[in-house]
Amino acid sequence: MAEQAVRGVENRGEEAEPVQPDLPAGRNGRQAGPVLTARVGGNARLIADAFELYVAKGTKVADITYGRGVWWKELDERDYLLEKFDLHPVKADDYDVVEADFRWLDCCESRYFDAVLFDPPYMHGGQTVKQSINKCYLNENESHESIIRLYGAGLLSAARILVIGGKVLVKCQDEIESNRQRLTHCEVIQLLELFGFRIVDILVLVQETVPAMRYDFQKTARKNHSYLVVGELRR
Ligand SMILES: C[S@@+](CC[C@H](N)C(=O)[O-])C[C@H]1O[C@@H](n2cnc3c(N)ncnc32)[C@H](O)[C@@H]1O
């Protein structure tokens, strides 16, 4: 262990007490301890963690799947030059969300944004999936491959609208389809690398609650974690 990381060790055989090194203030000025690779809780805290490291105040951010803005609950939107997009913007007077399909994003200039936030429907839908889930995620994606095609199309748009060196923050969760493991996070990482991104980080979110079970038996471990993959546009 590095010398400065222990306190009170003067060869007296005493147990070294771990010391929290002084951390530089993050990009957003918060100093609530180090950002860790995994946390238990909700998306809003996870996103705030990622912003701390990868998205500076005052930069141009596109949230291309804004939804209800849950990701922004721990951040102040006014600190960023934020532009919000969604295929189905919530209908309310104070919602400044532009109706746009992330597969095209014709309304966005190329090489403009410093960061893109991307949280598409991550689970395949269809008849075997609970209708409430299909409805909640506006899920018309009937196979895992259709989900991956959505990721691919959105990431291509991100690659176009980001400046070189810009960051994409992509949320995903692995899934089981017909008893087969579909490791979405591995596929998203592959797509990012193929499309000219460098993987700079992977943050894991562990659910606070035990997910509901559809059957009273199980063949594989029930998934209770998801990922935020951070990619940087190389070229
Ligand atoms: C998992 S939710 C995003 C939740 C959001 N991050 C929040 O904080 O509330 C997925 C969102 O993707 C949007 N969506 C689905 N397909 C889309 C598409 N092709 N283009 C743009 N938005 C899409 C849905 O309308 C939905 O709001």
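Which way do helix 3 and helix 4 cross, left-handed or right-handed? In this predicted model, the crossing of the two helices turns out to be right-handed. Contacts come from both partners: helix 3 puts in I148, Y151, G152 and L155, while helix 4 brings E187, V188, L191 and L192. Sorted by class, that contact has six nonpolar residues, plus one polar and one charged.

As for the geometry, two packed helices are described by the angle between their axes and the distance between those axes. Here, helix 3 covers residues 144-161 and helix 4 covers residues 184-194, and their axes come within 10 Å, crossing at roughly 30°. Angles under 35 degrees count as roughly parallel, and so helix 3 and helix 4 are roughly parallel to each other.

Next comes the sheet. It is an open one with eight strands, and reading across it gives the order 3-11-12-8-7-4-5-6, with mixed pairing. At the edges sit strand 3 (38-40) and strand 6 (97-99), each of which pairs on one side only. Leaving direction aside, neighbouring strands are turned by 20° against each other on average. Helix 4 shows up again here, since this helix packs on the sheet and touches strand 8 (162-172), strand 11 (197-206) and strand 12 (225-233). The direction of helix 4 makes about 5° with that of strand 12.

Strands of a sheet pair through backbone hydrogen bonds, either parallel or antiparallel, and both kinds can be picked out in this one. On the parallel side of the story, strand 4 (residues 60-63) and strand 7 (residues 113-118) are joined over three bridges. Within that pair, A62 has V116 of strand 7 as its bridge partner.

Strand 12 supplies the antiparallel examples. With strand 8, strand 12 pairs in the antiparallel sense over six bridges, and V170 stands opposite V229 of strand 12. With strand 11, the pairing is again antiparallel, this time over nine bridges. There, the bridge partner of F197 is L233 in strand 12.

That leaves the ligand. Around it are 17 residues, and those that come nearest are T65, G67, V70, L87 and D119. What does the shell around the ligand have by class? Eight of its residues are nonpolar, four are polar and five are charged.

Terms used. Residues numbered from 1 in each chain as written. Predicted model: local features only at pLDDT ≥ 70, side-chain atom pairs only at ≥ 80, totals over all residues. Near = placed C-beta within 6 Å. Nonpolar A, V, L, I, M, F, W, Y, C, P; charged D, E, K, R; others polar. Axes fitted to C-alpha atoms, helices over the stretch in contact; angles between N-to-C directions. Helix = DSSP H or I, 4+ residues; strand = E, 2+ residues; numbered from the N terminus. Parallel < 35°, antiparallel > 145°, perpendicular 65-115°, else oblique. Left-handed = near helix turned anticlockwise from the far one by under 90°. Contact = placed C-beta atoms within 7 Å. Pairing = 2+ DSSP bridges.
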